[in-house]
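Here are some notes to read with the model open beside you. Start anywhere you like, but the points do build on one another.

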Amino acid sequence: MDNLDRGDYSKFYVPSALQDAPKCKQDMEEKKTAPSARRKHSFEKLIAFLVNELTEDDYQVQGPVLKPLQSLFNKMFIRRGQTAVSVIGDMTRATLLVKNEKDLRVIVKRVEEAFPSIHGKEFQGPSEVGVVTFLHQVFKMKKIPESDIIPYRFKANSSQKKKMDKGEALLYNLNFFDGIPEYHRVGTTEMFVAFELQIGLEAEVNGLRVDHLAYEEGRILNAQPLLKAYKEAHKNLKEVD
């Protein structure tokens, strides 16, 4: 769902339910996880900027991949009882695994020096400042050189809370818009789409990896008791058969 119909008359994607629905349905049926060539290129440009002082042996890149449908549903409708989302910051995500902490600090310093206004600060989305102010704010933000990539938030991953105060975080999230923020609407839920590059020490990231699908499924079912009852009944019927 990352390579939708942009039409012949516009450089930028304009949502069109009739044009996009068949493409989204096909992607879901094929369980597609790879983003469009354009999105991959954007991640490559961002990573090239960040690892400018490193060699290829100093890091590894995983992804980018699209956000799983179950994870998207959890974020839009389940987490914290939400019924609307302002900005989905990780519709497509990649991970930059750095081999040693010294090189990780080099990358962190590069982001902090190039984009000092986004480090550790809470981003004011459209739900806080309104859509018009939000879009003006994004328009004025600094871009990665020779690209349309607009970083808007850089902070330590939530798993690093105990290490943040000491300045020893080993995993960071860098969120960005790829050109004009894309707007989507599902029913009454409105959202702008952004993307995420996780940057971390390889050993730290590997130690934190867990099966999020099972976690998210449990969260969804706990918030939707009727769905949970249906799923359990369906499972019991299968066992009887």
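**A helix across a sheet**

1. Let's begin with helix 2, which lies across strand 1, strand 3, strand 4, strand 5 (171-178) and strand 8, and runs at about 40° to strand 8. Bear in mind that this is a predicted model.

2. For the wider setting, the protein chain has ten helices and eight strands. Of its 241 residues, 41% are buried. If you take the contacts with a separation of 6 or more, 70% of them come from residues 24 or more positions apart.

3. Now for the sheet that helix 2 lies across. Five strands make it up, in the order 1-3-8-5-4; the sheet is open and its pairing is mixed. Strand 1 (59-66) and strand 4 (149-156) sit at the edges with a single partner strand each, so each has one side without a neighbour in the sheet. On average, neighbouring strands here are turned by 20° against each other, direction ignored.

4. As a reminder, the strands of a sheet pair through backbone hydrogen bonds, in either a parallel or an antiparallel way. Strand 3 (residues 92-98) and strand 8 (residues 195-201) are a parallel case, joined by six bridges. If you want a spot to look at, find T95, which stands opposite Q198 in strand 8.

5. Back to helix 2, residues 37-50: does its length add up, or not? At 1.5 Å a residue, its 14 residues should span 20 Å, and the C-alpha atoms at its ends are 20 Å apart, so the two agree.

6. Which residues of helix 2 are buried? They are R39, S42, F43, L46, I47, F49 and L50. These cover an arc of only 160° around the axis, which means that they lie on the same side of helix 2. Turn to the face pointing away from that buried side and you'll find the exposed residues A37 and E44.

7. My pick for a closer look is S42, in helix 2. Its relative accessible area is 7%, and because buried means under 20%, S42 counts as buried. What does S42 touch, once its neighbours within four places in sequence are left aside? The contacts are I149 and D178. With D178 there is also a polar contact, side chain to side chain, at 2.7 Å. Both partners fall within strands that helix 2 lies across: I149 in strand 4 (149-156) and D178 in strand 5 (171-178).

Notes:
Residues numbered from 1 in each chain as written. Predicted model: local features only at pLDDT ≥ 70, side-chain atom pairs only at ≥ 80, totals over all residues. Heavy atoms only, no water. Helix = DSSP H or I, 4+ residues; strand = E, 2+ residues; numbered from the N terminus. Expected span 1.5 Å × (residues − 1). Buried < 20%, exposed > 50% of the residue type's maximum accessible area, 1.4 Å probe, protein only. Arc of directions from axis to C-beta. Pairing = 2+ DSSP bridges. Axes fitted to C-alpha atoms, helices over the stretch in contact; angles between N-to-C directions. Contact = heavy atoms within 4.5 Å. Polar contact = N/O pair within 3.5 Å; in protein donor to acceptor, adjacent residues only side chain to side chain.
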